[in-house]
Amino acid sequence: MRPADMERKTVGIVGARGHTGAELIRLIARHPALELAYVSSRELDGQRVDAHVPEYAGELRYSAPAHEDLPALGADVVILALPNGKAAACVEAFDKAGADPLIVDLSADYRFDERWYYGLPELTRDRWRGQRRISNPGCYATAIQLAVAPLKDLLAAPPVCFGVSGYSGAGTTPSDKNDPEKLRDNLMPYSLTGHMHERETSAHLGVPVEFMPHVAPHFRGLTVTCNLYLARAMKREDVMARFRHAYGDEPLVRVMDEAPWVSRIAGRHHAEIGGFAMGPDGRRVVVVATLDNLLKGAATQAMQNINRALGQSELTGIPVAQAERP
C-alpha cells in the first residue's frame, strides 16, 4: 500500500510530557497514515509541541482535558502514557461515553487483564483477535521474555535475571533513580524482589522469573543478563539455533554471537540478544538482551501494535535501520 492510498487516522496521547511521550510524537510525526489530534500534559498545557519535540511540524499545542472530556475529542487511537494506576479513569470515561477508539495503555494497569491483548508482537502476535484494547509490555519484561522464551520448555529452574537500565526509565518526576548527581559513578539497586516486571514476566512466560533491577548513570537503554539452568545438556550452537529459529524473521530482534552492548542500542528500535555463554556441563547458559527502554521497550512497541490493529504493516513509520542518535 502506497502512503497516498492510506486512510489517515488521528491519535491522541494522554500524558505526553515524559520521555516516552516525546518518542511517540516523533514516531507519529514520521508515520504516513497517522496524525496527532491532541497531546495532553498538565505541566505543558498551552505550550507548542514543536518547541519540545522539533521533529514534529505543526501548530498543535499541549492541552489538559479532563478524563471525561477525552471521548469528545474524537481520536481514532488513544495512547495512555500515564503512571501506573492512572489509566483506569481514562478507560472508564470512554466506556461511559460509549466510545470505542483503539486504546493502547503503556502502564502496567492492564497487563494482567485477560480482556486486553498483551502486545509483545514477537511472542504474542498469534493471540491478537482484533482487540481494541492493547496493553503494552514493560521494557524489562520485553527484554527478559525475548531472552528466555526460546528455551522456556527446557528450563530446570527459575531464570535469574540481573537488569541495568538508564535513568530515563525512572521517568521525569524527580527521584534518586533519575538524579544524575546521585547516579554518578554509581549503580543503584531497587525493588530486588517483587518488581512489577518480575510479576509480569512470570505471568506471561508461564514460569517463575527472578529479577533484580538496577539504575545506572547512562540516560537510555537497558541490559538484562539471564542465567538459565537447563533440564538437559545442550551445545552452544544448538542454543543459538533455537534463538535464530525464533527470531530469524523478526526485523526488530537481532540474535548475535557476542553479548550486546547497551551503548550500541541507545536510540535504535530493535532488541539485541547474544552472549550464550555455556557452563562446562552444558546445562547452564547465560543470555544477554539489550534494548532501548523508550523505543522497543515502549514507543516502538506501541507503534507495532497500533499498525497491526489498523491493518498497516507492523513496521510502518518505524526506522528499522536507524543509526544511533547522537
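1. Let's start with the second largest pocket of this predicted model. By class, its lining has five charged residues, five nonpolar and three polar. The space in this pocket comes to about 200 Å³. Its lining counts 13 residues, and D113, E114, W116, Y118 and H204 are the closest to the pocket centre.

2. H204 is worth a second look, as it also turns up in a helix contact: it is one of the α6 residues that meet α4. On the α6 side, H197, E200, T201 and L205 join H204, while α4 brings C139, Y140, A141, I144, Q145 and V148. Sorted by class, this contact has six nonpolar residues, four polar and one charged.

3. Now for the geometry of that pair. Helix α4 covers residues 139-148 and helix α6 residues 196-205; their axes lie 9 Å apart, at an angle of about 40 degrees. The two helices are therefore oblique to each other, and α4 passes α6 in a right-handed crossing.

4. A second helix pair to inspect is α1 (residues 19-30) with α8 (residues 295-309). Here the axes come within 10 Å and cross at roughly 40 degrees, so α1 and α8 are oblique to each other. The crossing of α1 past α8 is right-handed.

5. If you would like to display this contact, pick T20, E23, L24, L27 and I28 in α1, together with L295, A298, A299, T300, A302 and M303 in α8. The class count for α1 with α8 is eight nonpolar, two polar and one charged.

Notes. Residues numbered from 1 in each chain as written. Predicted model: local features only at pLDDT ≥ 70, side-chain atom pairs only at ≥ 80, totals over all residues. Heavy atoms only, no water. Axes fitted to C-alpha atoms, helices over the stretch in contact; angles between N-to-C directions. Helix = DSSP H or I, 4+ residues; strand = E, 2+ residues; numbered from the N terminus. Parallel < 35°, antiparallel > 145°, perpendicular 65-115°, else oblique. Left-handed = near helix turned anticlockwise from the far one by under 90°. Contact = heavy atoms within 4.5 Å. Nonpolar A, V, L, I, M, F, W, Y, C, P; charged D, E, K, R; others polar. 1 Å grid on protein atoms, 1.4 Å probe; cavity = no way out; pocket = protein on both sides within 12 Å on 5 of 7 lines; lining within 4 Å. Points joined across faces, edges and corners; volume = space filled by probe spheres on them.
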